[in-house]
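Reader: I've got a new model open on my screen and would like to talk it through. Can you take my questions one at a time?

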Amino acid sequence: ATPVDPYNVSIHVSDFDGGATATNRIIPVANLAPEVSIVDDGSDDFVVRLRAVVTDASALDTFSFDWNVPGAIGATHLATIQFTRPSSGLTQARVTVTDDDSLATSVTASIVAGTNDMDTISVRPSNDVSKVTVALTT
């Protein structure tokens, strides 16, 4: 599959009086980029753990992950990432998910260090102005 797949469609139409016609057309069908969200994946007092959740119109697509997180612990090419919990300020975790058709979606989670061991994660898709806030408690 590619970002646009051409499909050959043949149509044959006949009426009750014996008239008939046929035609062939090539119809381009655009593939869709994956939809991505970031969720808490078991954070604790010391480490923030996030997971990229992917949905896609095609059950056949496979995905690659590329996280950009300051202080990442371990691999940055998996569906999950972990990093040291920020003690103050703002930390941003961005993941880009690319499907096997080379279509990609990026999402950023902003982790704001709070008080009483509570952080707030705001997730905003790069192509959308909507915002979802998730509180992480330890």
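Author: Happy to, and keep in mind that this is a predicted model. Let's start inside: the largest nonpolar core has 16 residues, and the members that touch the most others are Ile38, Leu50, Trp67, Phe83, Ala93 and Val95. At least two residues of this core come from each of β3, β4, β5, β6, β7 and β8.

Reader: Which residues does phenylalanine 83 contact, once its neighbours within four places in sequence are left aside?

Author: Phe83 is among the core members that touch the most others. Its contacts beyond the sequence neighbours include Val69, Pro70, Gly71, Ala72 and Ile73, along with Thr91, Ala93 and Ile111. The rest of the list is Phe46, Val47, Val48 and Leu50.

Reader: How many helices and strands does the protein chain have?

Author: Reading along the sequence, you get the pattern β-β-β-β-β-β-β-β-β-β. The count for the chain is therefore zero helices and 10 strands, going by DSSP runs.

Reader: What share of the 138 residues counts as buried?

Author: To count as buried, a residue needs under 20% relative accessible area. The accessible surface of the chain comes to about 8600 Å², with 54% of that belonging to carbon and sulfur atoms. Of the 138 residues, the buried share is 28%.

Reader: Moving to the outside, which element gives the most to the nonpolar patch?

Author: The patch covers about 490 Å² and is made by Tyr7, Val9, Ile11, Val13, Ile27 and Val29. Two elements give two or more residues to it, β1 (4-14) and β2 (20-30). With four residues, the top contributor is β1.

Reader: Is isoleucine 11 buried, exposed or partly exposed?

Author: Ile11 sits in strand β1. Its relative accessible area is 43%, and the partly exposed class runs between 20% and 50%, so isoleucine 11 is partly exposed.

Reader: How many bridges join β1 to β2?

Author: The two strands run antiparallel, and tyrosine 7 stands opposite isoleucine 27 in β2. Their hairpin has five residues between the strands, and there glycine 18 takes a positive phi near 95°. The number of bridges joining β1 to β2 is 11.

Reader: Which residue other than glycine has a positive phi, near 70°?

Author: Look in the loop between β7 and β8. The residue there has a relative accessible area of 61%, so it is exposed. Its name is serine 102.

Reader: Where is aspartate 41, and which residues does it contact beyond its neighbours within four places in sequence?

Author: Asp41 lies in the loop between β3 and β4. Its C-alpha atom is 8.8 Å from that of isoleucine 81, which is 40 residues away along the chain. Leaving the sequence neighbours aside, its contacts are Arg49, Leu50, Arg51 and Thr80.

Reader: What is the N to O distance in the salt bridge of aspartate 41 and arginine 51?

Author: The count of salt bridges comes to one. Asp41 is in the loop between β3 and β4 while Arg51 is in strand β4, so the pair ties together parts 10 residues apart in sequence. Aspartate 41 has a relative accessible area of 29% and arginine 51 has 33%, so both fall in the partly exposed class. The N to O distance between their side chains is 3.2 Å.

Note on methods
Residues numbered from 1 in each chain as written. Predicted model: local features only at pLDDT ≥ 70, side-chain atom pairs only at ≥ 80, totals over all residues. Heavy atoms only, no water. Core = buried A, V, L, I, M, F, W, Y, C linked by side-chain atoms within 4.5 Å. Buried < 20%, exposed > 50% of the residue type's maximum accessible area, 1.4 Å probe, protein only. Contact = heavy atoms within 4.5 Å. Patch = residues over 30% accessible without salt bridge, like charges linked within 9 Å, V, L, I, M, F, W, Y side chains within 5 Å. Areas by Shrake-Rupley, 256 points an atom, 1.4 Å probe, with all protein chains shown as cover. Salt bridge = Lys/Arg side-chain N within 4 Å of Asp/Glu carboxyl O. Pairing = 2+ DSSP bridges.
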